[in-house]
Amino acid sequence: GDVYIDIGAWIGPTVLAAASTGCTVHAYEPDPVAFAELSANIQVNEIDCITLNNVALFDRNGEMSFGSGRGDTLGNSISSLMNGQGSIQVPVRDIANESTQSFFKR
């Protein structure tokens, strides 16, 4: 009955570990390349207790710039798989609103 929430799930190492213990998992990953790998990892492992969200959590709804931080002004993310692709716009959800979901409260 446990719930595991992963904000910045990347390609899923902790998502898969939590799901293997029987947790219901909610994963958030804005990097489209990492999200594709995360989705593939879940599919190949045939896990059905994971809800994927291809969004970032932020202080408002909308969009924001996202990038690897290599060659742009967005900082330096060693976990981004978008290396060399510059920045893109990704959807964002207001974490204050998202945290009112029943699974966040559990």
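These exercises work through the fold, one strand, one loop residue and the core of a predicted model.

**Exercise 1. Lay out the chain.**

Task: State how many helices and strands the chain has, and in which pattern they follow each other.

Solution.
- Step 1. Count the elements. The chain holds four helices and six strands.
- Step 2. Read them along the sequence. The pattern is β-α-β-α-β-β-β-β-α-α.
- Step 3. Check burial over the chain. Of the 106 residues, 33% are buried.
- Step 4. Look at contact range. Among contacts with a separation of 6 or more, 56% join residues 24 or more positions apart.

**Exercise 2. Place strand β2.**

Task: Find which strands pair with β2, and in which sense, parallel or antiparallel.

Solution.
- Step 1. Start with β1, residues 3-7. Five bridges link β1 and β2, and the sense is parallel. One of the pairs is Y4 with V25 in β2.
- Step 2. Go to β3, residues 50-53. β3 runs parallel to β2, joined by four bridges. Here H26 faces T51 of β3.
- Step 3. Trace the connections. β1, helix α1 (residues 13-20) and β2 form a right-handed β-α-β unit. From β2 the chain passes through helix α2 (residues 32-44) to β3, again as a right-handed β-α-β crossover.
- Step 4. Test for enclosure. Four of the five residues of β2 (residues 24-28) are buried, so the strand is largely enclosed by the rest of the structure.
- Step 5. Take V25 as an example. Beyond its neighbours within four places in sequence, V25 contacts Y4, V15, A18, A19, C49, I50 and T51.

**Exercise 3. Classify E29 and P32.**

Task: Decide whether E29 is buried or exposed, and then classify P32.

Solution.
- Step 1. Locate E29. It sits in the loop between β2 and α2.
- Step 2. Apply the cut-off. Buried means under 20% relative accessible area. E29 has 6% relative accessibility, so E29 is buried.
- Step 3. List what surrounds E29. Its contacts, leaving aside neighbours within four places in sequence, include G8, A9 and W10, then A34, F35 and L38, and also N53, N54 and V55.
- Step 4. Look for a polar partner. A polar atom of the E29 side chain lies 2.5 Å from the backbone nitrogen of W10.
- Step 5. Move on to P32, in helix α2. Its relative accessible area is 34%, so P32 is partly exposed.
- Step 6. Compare sequence and space for P32. P32 and N54 are 22 residues apart along the chain, yet their C-alpha atoms are separated by 7.3 Å.

**Exercise 4. Find the buried face of α1 and the core.**

Task: Identify the buried residues of α1, and find how many residues α1 gives to the largest nonpolar core.

Solution.
- Step 1. Pick out the buried residues of α1. They are V15, L16, A18 and A19.
- Step 2. Check their directions. These residues cover an arc of only 165° around the axis, so they lie on the same side of α1.
- Step 3. Ask what covers them. The cover includes β1, β2, α2 and β3.
- Step 4. Assemble the core. The largest nonpolar core has 12 residues, among them A9, C23, V25, F35, L38, I42 and I50.
- Step 5. Assign shares. At least two residues of this core come from each of α1, β2 and α2. The largest share, four residues, belongs to α1.
- Step 6. Step past the helix end. G22 follows α1, and its phi is positive, near 100°.

Note on methods. Residues numbered from 1 in each chain as written. Predicted model: local features only at pLDDT ≥ 70, side-chain atom pairs only at ≥ 80, totals over all residues. Heavy atoms only, no water. Buried < 20%, exposed > 50% of the residue type's maximum accessible area, 1.4 Å probe, protein only. Pairing = 2+ DSSP bridges. Right-handed = clockwise from strand over helix to strand, strands pointing away. Polar contact = N/O pair within 3.5 Å; in protein donor to acceptor, adjacent residues only side chain to side chain. Contact = heavy atoms within 4.5 Å. Arc of directions from axis to C-beta. Core = buried A, V, L, I, M, F, W, Y, C linked by side-chain atoms within 4.5 Å.
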